[in-house]
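Biologist: I am new to this one and would love a close look at a single part of it. Could you walk me through it slowly once we have it on screen?

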Amino acid sequence: MLKLPKIIGHRGVAAYAPENTIEGIHTAADMGIEWVELDVKLSKDQIPILFHDEALDRTTNGSGPVAQKTLEELRELECGSWFADSFAGIKIPTLEEALEVLLERRLGLNLEIKPCPGRERETAEVALDLLSQIWDDHDRLLVSSFSLISLQTAQELAQDWQRGLLIGEHWPENWQELIDFIEPSTINVNAGTVTREEVEAVIDQGLHVLAYTVNDPDEARRLLRWGIDGVFSDAPDVVREGLFSVH
Ligand code: G3P
Ligand code: MG
């Protein structure tokens, strides 16, 4: 049974450390966060790495599509100074490095398969193959994606692992078909656009609901009142403090 926490660190803990980095995982653990969400993509030479964007420009000192760089080329870049000088010089991690730190720090994981276009199947295949060699505790692992191809691949390769179907800003009319097709455990919804009716319809199906990205405790409280299970947050301490402190 999936043991979902109420608050999951988003991209590690994106308000306090550069997203999708080893430093972010440590920061989350130091803050007492139980789970983190991380995005996985493939390098040109098919190595799974933690990275969010299709392009290197926003979060590294490189430029252009990440899918066109080998791991060796990616390792020459640094991905910390855009965030703060104190993180200058840090490297894009491989998924394997991240999994080792997650296990060492006893964190649960929502791995979001974030394929570059055209690599939906292989990204899921490679990431799941690695996970299957390293990760045992499936109560503390959720594999999610916006990509139906990636989720379908996960379903084929690791049917028993829990899947999360990510929904964007627009609620899909065929949501029921998607659920029947992917058989997810969770629906991961956009906190800013989802409605109470949509949340309740999903809960009525016996599914869990997680909402991204929530940094305001009032918003978290509203969503939890609607019955969602938890939120992804860049600032989990702020949400936690607002939710659980006694006024
Ligand atoms: O998995 C929840 C959330 O991370 C989805 O959006 O763009 O932050 O990966 P994004
Ligand atoms: Mg993500």
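Does Glu 37 count as buried or exposed, and at what relative accessibility?

Modeller: Happy to! Please keep in mind that this is a predicted model. Glu 37 counts as buried, because its relative accessibility is 4% and the cut-off for buried is under 20%.

Let's see what Glu 37 does there. Glu 37 is one of the protein donors of the magnesium ion (ligand 2), together with Asp 39 and Glu 112. The two glutamates offer OE atoms and the aspartate an OD atom, and these donors lie 2.0 to 2.2 Å from the ion. Along the chain, the donors follow the spacing E-x1-D-x72-E. Glu 37 sits in strand 2 (residues 35-42) and Glu 112 in strand 4 (residues 108-113), so this pair ties together parts that are 75 residues apart in sequence. Glu 112 is buried too, with a relative accessible area of 4%.

From here we can follow the chain out of each strand, beginning with strand 2. The loop between strand 2 and strand 3 (48-50) holds Ile 47, and Gln 46 has its place in that loop as well. Gln 46 is not a glycine, yet it has a positive phi of about 70°. That deserves a glance, as most residues other than glycine have a negative phi. At 33% relative accessibility, Gln 46 counts as partly exposed, and Ile 47 counts as partly exposed at 28%. Leaving aside neighbours within four places in sequence, Ile 47 is in contact with Lys 41, Leu 42, Leu 71 and Thr 94. Ile 47 and Ala 127 are 80 residues apart in sequence, but their C-alpha atoms are 8.7 Å apart in space.

Now for strand 4, which holds Glu 112. In the loop between helix 3 and strand 4 you will find Arg 106. Arg 106 also has a positive phi, near 55°, in a residue other than glycine. With a relative accessible area of 66%, Arg 106 is exposed.

Helix 3 (residues 95-104) packs with helix 1 (residues 22-30) at an angle of about 15°, their axes 10 Å apart. That makes the two helices, helix 1 and helix 3, roughly parallel, and their crossing is right-handed. Helix 1 brings Ile 22, Ile 25 and His 26 to meet Glu 97, Ala 98, Val 101, Leu 102 and Glu 104 of helix 3. Sorted by class, this contact has 5 nonpolar, 1 polar and 2 charged residues.

Another pair to look at is helix 4 (residues 120-134) and helix 5 (residues 148-157), whose axes come within 8 Å and cross at roughly 40°. Helix 4 and helix 5 are therefore oblique to each other, and helix 4 passes helix 5 in a right-handed crossing. The residues making the contact include Glu 120, Arg 121 and Leu 128 of helix 4, and Ile 149, Thr 153 and Leu 157 of helix 5. By class, the contact of helix 4 with helix 5 has 5 nonpolar, 2 polar and 4 charged residues.

To come back to your question: Glu 37 is buried, at 4% relative accessibility, and it is a donor of the magnesium ion (ligand 2) alongside Asp 39 and Glu 112.

Terms used
Residues numbered from 1 in each chain as written. Chains lettered and ligands numbered in written order. Predicted model: local features only at pLDDT ≥ 70, side-chain atom pairs only at ≥ 80, totals over all residues. Heavy atoms only, no water. Donors = N, O, S within 2.8 Å, 3.2 Å for Na, K, Ca; no water. Helix = DSSP H or I, 4+ residues; strand = E, 2+ residues; numbered from the N terminus. Buried < 20%, exposed > 50% of the residue type's maximum accessible area, 1.4 Å probe, protein only. Axes fitted to C-alpha atoms, helices over the stretch in contact; angles between N-to-C directions. Parallel < 35°, antiparallel > 145°, perpendicular 65-115°, else oblique. Left-handed = near helix turned anticlockwise from the far one by under 90°. Contact = heavy atoms within 4.5 Å. Nonpolar A, V, L, I, M, F, W, Y, C, P; charged D, E, K, R; others polar.
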